[in-house]
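Please find below a colleague's note on the structure, set out as numbered points. It is meant to be read beside the sequence and the coordinates.

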Amino acid sequence: MSVAQDFDRIFDEVLEDILGWDLAIGDDDGSGTVEGWDSLSHVRLIHALETRFAIRLPDAALLDEPTAGSLKRLVREQLAAS
Amino acid sequence: MNSLPLHSAASQTHQLRFSEDDLLAFADASGDWNPLHIDADFARGTPFGRCVVHGSLLTLGALGCLPNDVLTEVRGLELTFGGAVLVGEPVTAETRYSDKANAWEVRLSGRGKLLTRVVARPGVLPGVDSRPSDPISRRPMRVEPFAPELADEPAVGDQVEGAYGSKPAFAEIARHRNAGALDPALVEALGWASYIVGMEVPGLHGVFAAAKLSLLERDPKDGAGGYSLRAREHDPRTERLVADGRLETRSGATVAAVIECFRRRQLPELDAAALLPATPRPASGRSVVVIGGSRGFGAAATLALLGGGHETHAVYSTTAGVLGAANVGAHEERLILHRADAQDPGQLTPLREAIVERGLPLRGIVLAAALPPLAMGLTAESALPLSEYVAASIRLVAVPLGALMPLLDDQGFILFCSSSAVTAPPRDWPHYVAAKGALEYLASWAVAAAPGVRSVVVRLPKLATAMTNSPSMRIGATAPEAIAGRLIARLEGDDFPSGLTILEAEEL
């Protein structure tokens, strides 16, 4: 499995763990389209991504209403910077 | 690994509701006496506004929607609490089975939102088999929630141990909720998890967010009835805490757990000294009224008006809070406290009579009371609670306005506390935005009804108050003292002409 595939797999596992299975979350999906992606689960999601990827995301990420795709880019940027 | 019985793959729905008596019975049987669940006055000082149903009680209700032959096979539970369910609030439970996940899921929805998700699995949960050291201490169960000091942060590696055992009535609650077929050790673990978050870690200010419970083994001999718990992660930004736990039930079973929770920060008290001069100014010879005057922006406005030498009537619903004599000092004689529900016309009569009797002209009315806005989605079903919220919010403004406007002097002011949410509506607050919109139009009407009056709408930014004291909302919140001080100074300086003025958050 490539590094990119590995990243996607781990990212999807975290999403599934926090938001639930069988949701088929696409890159354009976010809090407005995924039932249960509310403010509390968003905070949990950010913390879970930080733990799983051993990174620290900016505080603003806790407040934003991102899509799965934009969150993925943010995690990649932090990984590259670390 | 076993498979769970399939039954029908089609989802089924059930209606659930939890009464005050249900919550009291759960508290007594589980040992989770956290006042958030059973003390309406305490709950009113939290972002929830009303008593919240215990997460584990919701879980029993959710599991009770599954068939008994499914429940008997369950060995692992995953619970997620996304939004609070309030006492008496109706929720809809929807069950479904996933072949891929080999698990049943129950989703509880209310206010147009998914509020709770419970997943039941037939095997041990991966990643939930960690074993903090065997419990040694048998410290008795707490009867009052642990209430740490503000600066007392939990640390990764902190360990807690103690005795745990629910009362026999707890199994009866599970049966009453149709979850009696669930393994007794998992039933016990649900009570324990609730007790942990509400009474031990974090305790008084805890909010249960999620848990994974995994039944590891069963030993036929009598068990210890004890637990150990070790903090794995803690983040001071949001006060999120994740802990690994192990419960040995009195019936000899072992349940491993991962418990995730948040701690509501204890808000620092308002800085009264920043708003009140050390020596009281000469009396202004006027009176003012603040509705919602004991907390948040209303309390800060009360102190600023008091500092300006006004006889200040503060109306509050639950507790005088920061307006106690110790904070107000030498200004106390000009502060008149009224405990009243501002939505109730009859309860404002003594306030009106007190103003008339004391004989000072009424210079201003501050309408700062608001209802906490729990997250809501707009669906056909949630339109009813939405309209109830808006109606109650309008009453909080219109009842005092109707009672006090006739007393207001010619150059008087009415300060309507709106919100920056009106111009940037949060997705989950349709009710709040609608209520603040209605408030702003009442401000516009007030000008037509009393042309000389200064009607000022202030669209307040997110303030650090009890209403915003949640993990995500408190980030970036502003202390209310400085904003209240500046705003009251401008009102005192006749900065606003008669008629309607709307102040945006960035103008404050």
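The points below take up a sheet of chain B, its helices, a loop residue, the contact between chains, and a helix of chain A.

1. The model is predicted, and the remarks that follow should be read as statements about a prediction.

2. Chain B contains an open sheet of 7 strands, paired in parallel, whose order is β13-β12-β11-β14-β15-β16-β17. The edges are formed by β13 (335–339) and β17 (499–503) of chain B, each of which pairs on one side only. On average, and with direction ignored, neighbouring strands of this sheet are turned by 15° against each other.

3. Towards the β13 edge, β12(B), residues 311–316, is joined to β13(B) by 5 bridges in the parallel sense. Within this pairing, Val315(B) stands opposite His338(B) of β13(B).

4. Strand β14(B), residues 362–367, has parallel partners in two strands. With β11(B), residues 287–291, it shares 5 bridges, and Ile291(B) has Leu367(B) as its bridge partner in β14(B). With β15(B), residues 408–419, β14(B) likewise shares 5 bridges; here Gly364(B) stands opposite Phe413(B). Because 6 of the 6 residues of β14(B) are buried, this strand is largely enclosed by the rest of the structure.

5. The connection from β14(B) to β15(B) deserves attention when the fold is described. Together with helix α12(B), residues 383–404, these two strands make a right-handed β-α-β unit.

6. Two further helices lie across the sheet. Helix α13(B), residues 430–449, lies across β15, β16 (454–460) and β17 of chain B, and runs at about 165° to β15(B). Helix α14(B), residues 480–492, lies across β14, β15 and β16 of chain B, and its angle to β16(B) is about 160°.

7. The loop between β16 and α14 of chain B includes Thr465(B). Is this residue, Thr465(B), buried or exposed? Thr465(B) has 25 C-beta neighbours inside 10 Å and therefore counts as buried. Leaving aside residues up to four places away in sequence, Thr465(B) touches Arg295(B), Gly296(B), Phe297(B) and Pro480(B). Its C-alpha atom is separated by 17 Å from that of Leu36(B), which is 429 residues away along the chain.

8. Helix α7(B), residues 184–200, has a length that agrees with expectation: its 17 residues should span 24 Å at 1.5 Å a residue, and its end C-alpha atoms are 22 Å apart. Since 16 of the 17 residues of α7(B) are buried, this helix is largely enclosed by the rest of the structure.

9. Which elements of chain B give two or more residues to the side that touches chain A? The contact takes 23 residues from chain B and 20 residues from chain A. On the chain B side, the elements in question are β5 (113–121), β7 (206–218) and β8 (226–235). The largest share, 3 residues, comes from β5(B). By class, this side of chain B has 7 nonpolar, 6 polar and 10 charged residues.

10. In chain A, helix α2(A), residues 39–53, has 15 residues and reaches 21 Å from its first C-alpha to its last, close to the 21 Å expected at 1.5 Å a residue. Helix α2(A) is mostly covered, with 11 of its 15 residues buried. Among them are Ser39(A), His42(A), Arg44(A) and Leu49(A). The residue following α2(A) is Ala54(A), which has a positive phi near 55°.

Notes:
Residues numbered from 1 in each chain as written. Chains lettered and ligands numbered in written order. Predicted model: local features only at pLDDT ≥ 70, side-chain atom pairs only at ≥ 80, totals over all residues. Helix = DSSP H or I, 4+ residues; strand = E, 2+ residues; numbered from the N terminus. Expected span 1.5 Å × (residues − 1). Buried ≥ 20, exposed ≤ 12 C-beta atoms within 10 Å, placed from the backbone. Pairing = 2+ DSSP bridges. Right-handed = clockwise from strand over helix to strand, strands pointing away. Contact = placed C-beta atoms within 7 Å. Nonpolar A, V, L, I, M, F, W, Y, C, P; charged D, E, K, R; others polar. Axes fitted to C-alpha atoms, helices over the stretch in contact; angles between N-to-C directions.
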